[in-house]
Structures are given as C-alpha cells and as structure tokens.
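Okay, thanks for making time, everyone. Let me put the sequence and the structure up, and then I'll talk you through what caught my eye.

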Amino acid sequence: MPRFAANLSMMFTEVPFLDRFDAAAQAGFTAVEFLFPYEHPAETVGERLKRNGLTQALFNLPPGDWNAGEKGFAALPARFNELKASLETALPYAKATGVKRLHLMAGIANRGERVAIEAFYKSVTWAAEFFAPHGIDIVLEPINARNVPGYFLNDFGFARDLIQELRLPNLKLQFDIYHCGIIHGDVTMRLREMMPIIGHIQIASIPSRNEPDGEELNYPFLFEELDRLGYAGFVGCEYNPRGKTTDGLAWFKPYAGVKP
C-alpha cells in the first residue's frame, strides 16, 4: 500500500505553514513534504514534525529568488558558488527533519546549450557527493513546460540517461506522475522502465492538478501498479485542492494512517 506524504506547500493552506503539520497528522497522514522550509528555523520545523509523529519525505534545496521566477540554478554556470552555498543552507534543515531525499532544481536554462548541460552535470555531482556522507539522496524532477516554461530539465529520458551515466549511488529520479503525463504520457510503461532509479513519486490529477480522484488518470490502478512494482518510497501529494483540503480527501481514506 502506498505511503502518502501531504505536500504542505499546496495542501492545508487554510492555516499557517507551521500549523499544517498538525492538520496533516489529524487528517491521517504519517509523512509530509513541502517545497521550502527556509523561512522558519530548522529546529522549529523539526519540532513540529516530532510533535506529530510525522516523517519528512522530501523538500527542495534553495531555488534562488523564487518570487522573481527563479526555479533553481543547477544548470546556470555563473551560479555554481551559490549552488554550493545552498547545500550548506539546507544541511541544518535536513538534520533537524531527518529527511532522506532532497530535490535539486535545475533552473531556467536552454538544454540545447552545452554550457548549461555541463553546469548541470557538475552541480548534480557536487550535490550528490556533498550529501552522501549524511545518508541523503539527491533527486531530479523533470517539470513540464506548461507549468514552468523554459525549465532546463523537462524530459524524463534526459534525466534517466544522466542518472545512469553518473552512476552515483545516492542520485535518483523524482517521478512526478502529473509532469510525466503532460510531457510524455504512457505513464505506466515509464514507471515500469524507470522504477530502478526512482527515489520519490508525486501525484496530481491531469489536467487540473487537483485531487487524484478523476480526470485523465486512473489513480487506483496506478497505486496498485506501484505495489506490483515493489515501490517502497513515498508518494507526495503535490496537488491543489479544489476547496478546503479536508473536503477533498475521500480518495485518501483507504490509506490514512499507513505508517512510513
């Protein structure tokens, strides 16, 4: 049975961020993820997790100026020193939360430019090697061009090839089913092909990015497929609730309380 993690950047937004840990636990989630914790002290975030008996499934490394539209800088050659500094920023949060996987964002860059590809390879290698002694995986997520135009990593095949080429033990694929469906389609076959390198999965309906309870994808089938494939990681619920978060959790009731 899949182990679901509530995404606190998108769910339970009816309450302030730090109160969303309580709300997720009360709704039956035993794990959480979010985009960024950096506006709050690491110890405070860790305390909210522990208070609620929650596992931290994932969060993102610093993305640069998010409010200005930046989506990371791993593929930006001129930002490598900032990339290195961002790992130091994230480390106290990783220690405080006990997280075992961090998402490295590529940034807005042209994958047709060799300098961008070289910068990305360099950044990915540096980040994976930095976190390896701490027992933390780096995950790479292809993101569709409709949601983030110009994002460097917008192809699952490119991500797969990079991971297989670098052969770093703690480098994995973040397989967002929503993004895969929009970019490529044929989600089930891609899950089957890429399962050996997948370190995290995320879900949302297509095309609306709402609760995983309808529209194009048959999520009950996909959840059973994850079991058939022996996936033991987390499934992050990175979707926008149609209304109040708790009003849209009928799909989750069969899975509530499943322990990490």
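**A walk through the model**

I'll start inside: by class, the residues lining the largest cavity are 7 nonpolar and 2 polar, with no charged ones. Keep in mind as we go that this is a predicted model. So which residues line that largest cavity? They are Leu61, Pro62, Gly72, Phe73, Ala74, Leu83, Ser86, Leu104 and Met105. The space in there comes to about 30 Å³, and searching the whole structure for cavities of 30 Å³ or more turns up just 1.

Now the overall fold. How many strands close into the barrel? There are 8, going round in the order β1-β2-β3-β4-β5-β6-β7-β8, with parallel pairing. From one strand to the next, the twist averages 30°.

Let me zoom in on one of those pairings. Strand β7, residues 198-203, pairs with strand β8, residues 234-237, in the parallel sense, and 3 bridges connect them. If you want a spot to click on, take Gln202: its bridge partner in β8 is Gly236.

On to the helices. Helix α4, residues 114-131, lies across β4 (101-103), β5 (137-140) and β6 (171-176), and it runs at about 150° to β5. Helix α7, residues 187-194, lies across β6 and β7, at about 165° to β6.

While we're on helix α4, have a look at Phe130, which sits in that helix. What does Phe130 touch, leaving out residues up to four places away in sequence? The answer is Leu87, Glu88 and Leu91. Phe130 and Leu87 are 43 residues apart along the chain, and their C-alpha atoms are separated by 7.7 Å.

Next up, aromatics. The count here comes to 24 aromatic pairs. One of them is Phe34 with Phe59, a stacked pair at 5.8 Å centre to centre, with 15° between the planes. This pair links distant parts of the chain, 25 residues apart: Phe34 is in the loop between β2 (31-33) and α2 (42-51), while Phe59 is in strand β3, residues 55-60.

Then the pockets. The largest pocket holds about 340 Å³ of space. It has 16 lining residues, and the closest to its centre are Phe36, Pro37, Tyr38, Glu39 and Trp66. That lining splits into 8 nonpolar, 5 polar and 3 charged residues.

The second largest pocket has a volume of about 250 Å³. Which residues lie nearest its centre? Out of 21 lining residues, those are Leu35, Trp66, Ile143, Arg209 and Glu238. You'll notice Trp66 is on the list for the largest pocket and on the list for the second largest pocket as well. By class, the lining of the second largest pocket comes out as 8 nonpolar, 8 polar and 5 charged.

Last stop, the backbone oddities. As a reminder, most residues other than glycine have a negative phi, and most peptide bonds are trans. Where do we find a cis peptide bond here? Between Ile206 and Pro207, with omega at about 15°. Pro207 is in the loop between β7 and α8 (219-228).

The other one is Phe12, which is not a glycine and yet has a positive phi of about 60°. Phe12 is found in the loop between β1 (3-7) and α1 (20-26).

That's my tour, so feel free to spin the model around while we chat.

Terms used:
Residues are numbered from 1 along each chain as its sequence is written. This is a predicted model: local features need pLDDT of at least 70, side-chain atom pairs count only at pLDDT 80 or more; totals for chains, interfaces and linings use all residues. Side-chain values use heavy atoms; hydrogens and water are left out. On a 1 Å grid over the protein atoms alone, a cavity is a set of points where a 1.4 Å probe fits but cannot get out, and a pocket is an open set with protein on both sides within 12 Å along at least five of seven lines; lining residues have an atom within 4 Å of a point. Grid points are joined across faces, edges and corners, and a volume is the space filled by probe spheres set on the points. Ala, Val, Leu, Ile, Met, Phe, Trp, Tyr, Cys and Pro count as nonpolar, Asp, Glu, Lys and Arg as charged, and the others, Gly among them, as polar. Two strands pair if DSSP finds at least two bridges between them. Helices (H or I, at least four residues) and strands (E, at least two) are DSSP runs, numbered from the N terminus. Axes are lines fitted to C-alpha atoms, for helices over the stretch in contact, and angles run from 0 to 180 degrees between N-to-C directions. Contact means heavy atoms within 4.5 Å. Rings of Phe, Tyr and Trp (its six-membered ring) pair if their centres lie within 6.5 Å; planes under 30 degrees apart count as stacked, over 60 as edge-to-face and the rest as tilted.
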